[in-house]
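Please open the model in your viewer and keep the selection tool at hand. The tour goes from one selection to the next and says what is to be found at each stop.

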Amino acid sequence: MKGHFGISWFSEDGADYPLRVFLMKDEVTVTIDTTGDSLHKRGYRTMAGAAPLSETLAASLIMLTPWHADRILVDPFCGSGTFPIEAAMMAANIAPGMNRDFLSQEWEALVPKKVWYEAIEEAQDLVDLDVETAIQGYDIDESVIAVARENARRAGVDKLIHFQRRPVAELNHPKKYGFVITNPPYGERLEDKKDLPALYQQIGEAYARLDDWSMYLITSYEDAERYIGKKADKNRKLYNGMIRTYFYQFLGPKPPRRQHRDVTLQ
């Protein structure tokens, strides 16, 4: 390369093209990193509370539920707001990478700037911030609620979410067929184990007051069902970081289908 280019030293400037090498037994995979920061970093969450849920995991868990933008969604342990924000971005059709940069944007020799501009413009044209939503995030910590509001503002969905300081014991809602999707404390980093029975009992009591609602919660607390007072209809094991957790799914009834009348013009 020195002889071909007629230089004795290659300066370390210009764009980065990092290579990633993976070895699995006798197979070697060489890839080029087009992303830079990990994809779970959406770009809106500059601040987070203790034990935050990654953005990609939160979005995946929401997608495992039948929730849609026209249904109520409440997270009574919203922390930095990840579940409500990801749900609002889905409702408004905001692409996950709208608030961040990618390493390959600097590769003008491979990907022309025009391609990126066109992709961003296309994604922006699909955004619908006029969508009607009923997404709410609660937490007992006022300072954490402030963080959630700021993260929602950075994500561009602050007008679609109602954040409020409220303990789970006060969780209630007059409408039917809503969703609770949440990541409650489970004794790994936030709460002592001794405090969990009372907390999960409050979750169960609050859920019992919600008429025809569904509840989905991720936790590593193995006695969750016992103190909630109800066995989950479905349970999926997964990992939140290095912590083995369970995604408990308490399924409420489906809302009645809307009746459509045929109108005959005479």
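Is Asp212 buried, exposed or partly exposed? This is a predicted model, and in it Asp212 counts as partly exposed because its relative accessibility is 24%, a value that falls between the 20% under which a residue is called buried and the 50% over which it is called exposed.

**Two residues with positive phi**

Keep Asp212 selected and look at the backbone, where you are in the loop between α6 and β7. Most residues other than glycine have a negative phi. Asp212, although it is not a glycine, has a positive phi of about 65°.

Now select Tyr177, in the loop between β5 (161-165) and β6, which is likewise not a glycine and has a positive phi of about 60°. With a relative accessibility of 21%, Tyr177 counts as partly exposed.

**Helix α6**

Select residues 196-209 next, which make up helix α6. Its 14 residues should span 20 Å at 1.5 Å a residue, and the C-alpha atoms at its ends are 20 Å apart, so the model agrees with the expected value. Within this helix, colour Leu196, Leu199, Tyr200, Ile203, Gly204, Ala206 and Tyr207, which are its buried residues. They lie on the same side of α6, because the arc that they cover around the axis is only 165°. To see what lies over them, add β7 (214-219), α7 (224-228) and β9 (243-250), which are among the elements that cover the buried residues of α6.

**Helix α2**

Turn then to α2 (55-63) and select Glu55, Leu57, Ala58, Ala59, Leu61 and Ile62, the buried residues of this helix. Their cover includes α3, β6 (179-182), β7, β8 (234-240) and β9, so that β7 and β9 appear both here and in the cover of α6.

**Salt bridges**

Side chains of opposite charge can pair when their charged atoms come close. The count for this model comes to 10 salt bridges, and a few of them are worth selecting one by one.

- Start with Glu86 and Arg42, whose side chains meet in a salt bridge with an N to O distance of 3.1 Å. The pair links distant parts of the chain, 44 residues apart, with Glu86 in helix α3 (residues 82-91) and Arg42 in the loop between β2 and α2. Both Glu86 and Arg42 are buried.
- Select Asp195 and Lys194 next, which form a salt bridge whose closest N and O atoms are 3.4 Å apart. Asp195 counts as partly exposed at 33% relative accessibility, whereas Lys194, at 64%, counts as exposed.
- Go on to Arg244 and Glu222, whose side chains meet in a salt bridge at 4.0 Å, N to O. Arg244 is in strand β9 and Glu222 in the loop between β7 and α7, so this pair ties together parts that are 22 residues apart in sequence. Arg244 is partly exposed, at 39% relative accessibility, while Glu222 is exposed, with a relative accessible area of 57%.
- Finally, select Lys176, Asp211 and Asp212, which are joined into one network by salt bridges that share partners.

**Leu73 and its contacts**

What is the relative accessible area of Leu73? Select this residue in strand β3 (residues 72-75), and you will find that Leu73 is buried, with a relative accessible area of 0%. Residues up to four places away in sequence aside, Leu73 touches Trp67, Ala87, Ala134, Ile135, Gln136, Phe179 and Ile181. If you then draw a distance to Asp33, which is 40 residues away along the chain, the C-alpha atoms of Leu73 and Asp33 turn out to be separated by 36 Å.

**A nonpolar patch on the surface**

For the last stop, switch to a surface view and select Tyr17, Leu19, Val21, Leu23, Val28, Val30, Ile32 and Leu110, which form a nonpolar patch with about 810 Å² of accessible area together. Strands β1 (19-24) and β2 (27-32) each supply at least two residues of this patch. One of the patch residues to examine singly is Val28, placed in strand β2, which counts as exposed because its relative accessibility is 55%.

Conventions: Residues numbered from 1 in each chain as written. Predicted model: local features only at pLDDT ≥ 70, side-chain atom pairs only at ≥ 80, totals over all residues. Heavy atoms only, no water. Patch = residues over 30% accessible without salt bridge, like charges linked within 9 Å, V, L, I, M, F, W, Y side chains within 5 Å. Areas by Shrake-Rupley, 256 points an atom, 1.4 Å probe, with all protein chains shown as cover. Helix = DSSP H or I, 4+ residues; strand = E, 2+ residues; numbered from the N terminus. Buried < 20%, exposed > 50% of the residue type's maximum accessible area, 1.4 Å probe, protein only. Expected span 1.5 Å × (residues − 1). Arc of directions from axis to C-beta. Contact = heavy atoms within 4.5 Å.
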